[in-house]
Amino acid sequence: QWEVKEKLRKVLTTLRKKDRRIVEIKFGLRGRPPMTLSEIGADLGVSRETVRMILQRILAEVKWRIEG
């Protein structure tokens, strides 16, 4: 489990700033409570669906980097 957390931490540092921020907000990283897609969308000025699509792309990239 420690190895996965370390890989995830390293992968997050390679993401674009906006993408990293979305992941941190969605999953409550850095001591913040998790937010819903709607809340994130309101914060960023985009729709819930746009946030969902962005998050889906980011998570696929994270998975590829961890497994690859």
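**Close-up views of the predicted model**

**Figure 1. Lining of the largest pocket.** The largest pocket is lined by Lys5, Leu8, Arg9, Leu12, Thr13, Arg20, Glu24, Leu29 and Arg30. This is a predicted model, and the space in this pocket amounts to about 160 Å³. Helix 1 (2–14) and helix 2 (17–27) each provide at least two of the lining residues. The largest contribution, five residues, comes from helix 1. By character, the lining comprises three nonpolar, one polar and five charged residues.

**Figure 2. The salt bridge between Glu6 and Arg9.** Glu6 pairs with Arg9 in a salt bridge whose closest N and O atoms are 3.0 Å apart. The two residues are separated by about one helical turn, because they stand three residues apart in helix 1. Glu6 is partly exposed, at 25% relative accessibility. Arg9 also counts as partly exposed, with a relative accessible area of 45%; Arg9 is, in addition, one of the residues that line the largest pocket.

**Figure 3. The salt bridge between Asp19 and Arg16.** Side chains of opposite charge can pair when their charged atoms come close. In the salt bridge between Asp19 and Arg16, the closest N and O atoms are 3.0 Å apart. Asp19 has a relative accessible area of 4% and is therefore buried, whereas Arg16, with a value of 52%, is exposed.

**Figure 4. A link between helix 2 and helix 3, and a salt-bridge network.** A salt bridge joins Arg21 to Asp43, with 2.8 Å between the closest N and O atoms. Because Arg21 belongs to helix 2 and Asp43 to helix 3, the pair ties together parts that are 22 residues apart in sequence. Both partners are partly exposed: Arg21 has a relative accessible area of 38%, and Asp43 has a relative accessibility of 42%. Elsewhere, Arg16, Asp19, Arg57, Glu61 and Arg65 are joined into one network by salt bridges that share partners. The structure contains eight salt bridges.

**Figure 5. A nonpolar surface patch.** Phe27, Leu29 and Leu59 make a nonpolar patch of about 240 Å² on the surface. Phe27 is located in helix 2 and is partly exposed, with a relative accessibility of 43%. Leu29 is also one of the residues in the lining of the largest pocket.

**Figure 6. Thr36 in the loop between helix 2 and helix 3.** Thr36 is placed in the loop between helix 2 and helix 3 (37–44). The residue is partly exposed, at 40% relative accessibility. Between the C-alpha atoms of Thr36 and Val4, which are 32 residues apart along the chain, the separation is 24 Å.

Terms used. Residues are numbered from 1 along each chain as its sequence is written. This is a predicted model: local features need pLDDT of at least 70, side-chain atom pairs count only at pLDDT 80 or more; totals for chains, interfaces and linings use all residues. Side-chain values use heavy atoms; hydrogens and water are left out. On a 1 Å grid over the protein atoms alone, a cavity is a set of points where a 1.4 Å probe fits but cannot get out, and a pocket is an open set with protein on both sides within 12 Å along at least five of seven lines; lining residues have an atom within 4 Å of a point. Grid points are joined across faces, edges and corners, and a volume is the space filled by probe spheres set on the points. Helices (H or I, at least four residues) and strands (E, at least two) are DSSP runs, numbered from the N terminus. Ala, Val, Leu, Ile, Met, Phe, Trp, Tyr, Cys and Pro count as nonpolar, Asp, Glu, Lys and Arg as charged, and the others, Gly among them, as polar. Buried means under 20% relative accessible area, exposed over 50%, partly exposed in between (1.4 Å probe, protein chains only). Patches are made of residues with over 30% relative accessible area and no salt bridge: like charges are joined within 9 Å, nonpolar side chains (Val, Leu, Ile, Met, Phe, Trp, Tyr) within 5 Å. Accessible areas come from the Shrake-Rupley method with a 1.4 Å probe; for residues, only the protein chains shown count as cover. A salt bridge is a side-chain nitrogen of Lys or Arg within 4 Å of a carboxyl oxygen of Asp or Glu.
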